[in-house]
Structure formats: structure tokens, C-alpha cells
Amino acid sequence: SGGYLWSQMTGVFLNLPPEDEGHIDNCDGNQAVWLFAVPEVELYQELESAYEVGQCYTLSVGVLGGGGNMKDGVPLEIRLYYRDPNEARVTVETTGLVYHADGPRVKHFNDVRLALPVVRDIDPWAGKKIGIQIVSTLTPADLDPQTGRAGGFWDIDNVRLIQSLPTPATSLEVPNGSFESPQTPFVDVNTAPWQKG
């Protein structure tokens, strides 16, 4: 609606210089992505890697809301998915966030994390290629200029997917689970409480 094309709903931008008040202090590199807060606007990517039985997955995405006079209560979702035999996308796990206009206006990406528990051999996504999706979950009703929430944009950066063995409390029996010699878990403070062997 409004004369826009789908190709104009997302794009890449350069971070501003450090001395500029609009500079994002933790941008990974010098550019990031923007995504309009409009129904059905999304970014997605399907990886060559598949969901492996006995493994856990943690998806982290740096998100900054409020651009373009975004309204209060605008939602965004982060999803992991797979394709079914008909090539339809099927969500495996999702997490969301909502923009609050009264929150701090700091130019800083905040991580949104989605944790997928250990993949079992009976899960329909086991062995299927991993899909990552970031989607505006506004509805067509949000396009109403008087009552809707559509408008503004999200800034997105540093999308990371970590595959790991389950923590002892949730582990399945995974024979020879370490890549080399015995497993020695370490905790990365940036991704705690997930462990990696």
C-alpha cells in the first residue's frame, strides 16, 4: 500500500561516524540492515546446515527499534523454521519483542535470543535445513492511519546461530559428543547460559 514496493521495505545502511549523535555504538562493522514496521515485511535465509539430532541451537539478533517515529507497541519476531515436503515454511521456535516508545533512546543494538532445545530424532525438523526469519508481525488492521501501529523501522545487525551440545540438565545421551577428547564446557559471557564443548 502507499505506492511502496516490497523491495523498498528493507535495506542496508552505513553507521554514522562516532562523533555523530546517531552513531550506533556496537554495530558489527560499519553497516546494518533496516526493516520497515509494516505487515509481512521480513528477512529470511535458509542455510545449507541442517538441524542435527542431539544438538541445541541459539539464535541471537541485535535489534534497535524506534526509527522513523515508530509507534508504541510495534512487534517483531525472530524465528527458526524448516521447509515441509510442500516447501511451506514451518516455524520451529519463535520469540518476539515489542517496541516501547517511553524506553531509553540509546543508539545500541540489544540482543534478542531464541533458544531451541535439543533436537530429537522424532522432531519433524530433524535433518531439515535450518531457516532463519526476522518478521514484522503487524496485521493489515495496523495500516489504518488513525488506529494502526504501522510505520517506522527496525535496525538489525549481527545475526548469530550457535549450535551446541545440551547442558547436563537437559542432555540426551549423545555418544562421543565432543569433537575431540573429553568435553570441556566453557561459558561465553555473551551467550550464557548456553555452553559449547
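In what sense do β3 and β8 pair, and over how many bridges? In this predicted model, the two strands β3 and β8 pair in the antiparallel sense, and 6 bridges hold the register between them. One point of this pairing can be given by residue: E42 has V135, in β8, as its bridge partner.

The pairing of β3 with β8 belongs to an open sheet of 4 strands, arranged in the order β3-β8-β5-β6 with antiparallel pairing. The edges of this sheet are taken by β3 (42–50) and β6 (89–98); each has a single partner strand, so one side of each is left without a neighbour in the sheet. From one strand to the next, the twist averages 15°.

Within the sheet, β8 also pairs with β5, and these strands run antiparallel and are joined by 6 bridges. At one position of this pairing, Y81 stands opposite G131 in β8. The surroundings of β8 were examined through the accessibility of its residues. Of its 8 residues, 7 are buried, and β8 is therefore largely enclosed by the rest of the structure.

The packing of nonpolar side chains was considered next. The largest nonpolar core contains 30 residues, and Y51, L80 and W154 are those with the most contacts inside it. At least two residues of this core come from each of the strands β4 (56–67), β5 (75–83), β7 (110–116), β8 (129–136) and β9 (153–164). A second core, separate from this one, comprises 6 residues, among them F13, I24, A32 and F109. Both β5 and β8 thus appear in two descriptions of the model: they are strands of the open sheet, and they supply residues to the largest nonpolar core.

The loop that lies between β8 and β9 includes A141. Is A141 buried or exposed? The relative accessibility of A141 is 54%, and because the threshold for exposed residues is over 50%, A141 counts as exposed. Along the chain, A141 and P39 are 102 residues apart, while their C-alpha atoms are separated by 9.0 Å. The exposed A141 of this loop may be set beside β8, where 7 of the 8 residues are buried.

Note on methods
Residues are numbered from 1 along each chain as its sequence is written. This is a predicted model: local features need pLDDT of at least 70, side-chain atom pairs count only at pLDDT 80 or more; totals for chains, interfaces and linings use all residues. Side-chain values use heavy atoms; hydrogens and water are left out. A nonpolar core is a set of buried Ala, Val, Leu, Ile, Met, Phe, Trp, Tyr and Cys residues joined through side-chain atoms within 4.5 Å. Buried means under 20% relative accessible area, exposed over 50%, partly exposed in between (1.4 Å probe, protein chains only). Two strands pair if DSSP finds at least two bridges between them. Axes are lines fitted to C-alpha atoms, for helices over the stretch in contact, and angles run from 0 to 180 degrees between N-to-C directions.
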